[in-house]
Amino acid sequence: MGLEQKVLNALVIDDNPGVLGLVQALLTAHGVTYASFSTCEEGLAHFLKNPPLYDLVITDLNQSPTSGADVALKVKDCSQGKIPVYIITGGADAALIELAKRYAGEKRIIYKPFKNEKFKDIIDEVRRFKDEVGQPSQL
């Protein structure tokens, strides 16, 4: 199956409606379906009930009381590292950014402002990752 044929399903978490809408539009433009939540608590609770539904998670870093780094750690543990987490930040505490890099990976931090090309690269990366780990989406 070619990269362009895979349908991916994303979990998206962001408390900023403008950023959430932009991420949704970019995912839709690249053929990715999604479920979205405005808090890490809601998104994480949904994910933990349905982990096989998702191929990737995109979350805002700077949320409270649960941060995007917390989400990344829980998703990583729950999926045994088979579901990549991308963390969006416009600037946060340096220690929180370092934690996010540790849990999600340095290359999976998305700095604002971001462009369509960044999401195309992410989607292509996830498709390649799914080919390697052999875990197709369940939707």
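**View 1. Helix H1 lies across E1, E2, E3 and strand E4 (85-89) in this predicted model.** Helix H1 covers residues 17-29 and runs at about 165 degrees to E2. Together, E1, H1 and E2 make up a β-α-β unit, and its hand is right. The two strands of that unit, E1 and E2, pair in the parallel sense, with six bridges between them. If you want a spot to zoom in on, try leucine 11, which stands opposite alanine 35 in E2.

**View 2. Here is the open sheet, with five strands in the order E2-E1-E3-E4-E5.** The pairing is parallel. Which strands sit at the edges? They are strand E2 (32-37) and E5, each of which pairs on one side only. Going from one strand to the next, the twist averages 20 degrees. Further in, strand E1 (residues 8-13) and strand E3 (residues 56-60) run parallel and are joined by four bridges. Pick out alanine 10 and you'll find its bridge partner in E3, leucine 56.

**View 3. Arginine 108 sits in the loop between helix H4 (94-104) and strand E5 (109-111).** Buried or exposed? With a relative accessible area of 19%, arginine 108 is buried, because the cut-off for buried is under 20%. Skip the neighbours within four places in sequence, and arginine 108 is in contact with Pro84, Val85, Tyr86, Ile87, Glu125 and Phe129. One of these contacts deserves a second look: the charged end of arginine 108 sits over the ring of phenylalanine 129, 5.6 Å from the ring centre.

**View 4. Two aromatic pairs turn up when the whole structure is searched.** In one of them, phenylalanine 47 and tyrosine 54 have ring centres 6.3 Å apart and planes at 35 degrees, so that pair is tilted. Both phenylalanine 47 and tyrosine 54 are buried. Now for phenylalanine 114 and phenylalanine 119: their ring centres are 5.2 Å apart and their planes are at 50 degrees, which makes this pair tilted as well. Why tilted, and not stacked or edge-to-face? Planes under 30 degrees apart count as stacked and those over 60 as edge-to-face, so the rest are tilted. Phenylalanine 114 is buried, and phenylalanine 119 is too.

**View 5. A cis peptide bond links serine 64 to proline 65.** Omega at this bond is about 5 degrees. Proline 65 belongs to the loop between E3 and helix H3 (68-79). How does proline 65 score on accessibility? Its relative accessibility is 69%, so proline 65 counts as exposed. Leave out residues up to four places away in sequence, and proline 65 touches Glu41 and Asp70.

**View 6. Lysine 112 and proline 113 are also joined by a cis peptide bond.** This time omega is near -5 degrees. Proline 113 is found in the loop between E5 and helix H5 (116-133). How far is proline 113 from proline 65, C-alpha to C-alpha? The separation is 24 Å, for two residues that are 48 residues apart along the chain.

**View 7. Glutamine 80 has a positive phi although it is not a glycine.** If you're checking the backbone torsions, expect phi of about 55 degrees at glutamine 80. Glutamine 80 lies in the loop that runs between H3 and E4. At 67% relative accessibility, glutamine 80 counts as exposed, since the cut-off for exposed is over 50%.

**View 8. Leucine 48 is part of helix H2 (residues 40-49).** With a relative accessible area of 43%, leucine 48 is partly exposed. Where does serine 79 come in? Leucine 48 and serine 79 are 31 residues apart in sequence, yet their C-alpha atoms are 9.7 Å apart in space.

Technical notes:
Residues are numbered from 1 along each chain as its sequence is written. This is a predicted model: local features need pLDDT of at least 70, side-chain atom pairs count only at pLDDT 80 or more; totals for chains, interfaces and linings use all residues. Side-chain values use heavy atoms; hydrogens and water are left out. Buried means under 20% relative accessible area, exposed over 50%, partly exposed in between (1.4 Å probe, protein chains only). Contact means heavy atoms within 4.5 Å. Two strands pair if DSSP finds at least two bridges between them. Axes are lines fitted to C-alpha atoms, for helices over the stretch in contact, and angles run from 0 to 180 degrees between N-to-C directions. A crossover is right-handed if, with the strands pointing away from the viewer, the path from the first strand over the helix to the second runs clockwise. Rings of Phe, Tyr and Trp (its six-membered ring) pair if their centres lie within 6.5 Å; planes under 30 degrees apart count as stacked, over 60 as edge-to-face and the rest as tilted. A charge sits over a ring if NZ of Lys or CZ of Arg is within 6 Å of the ring centre and within 35 degrees of the ring normal.
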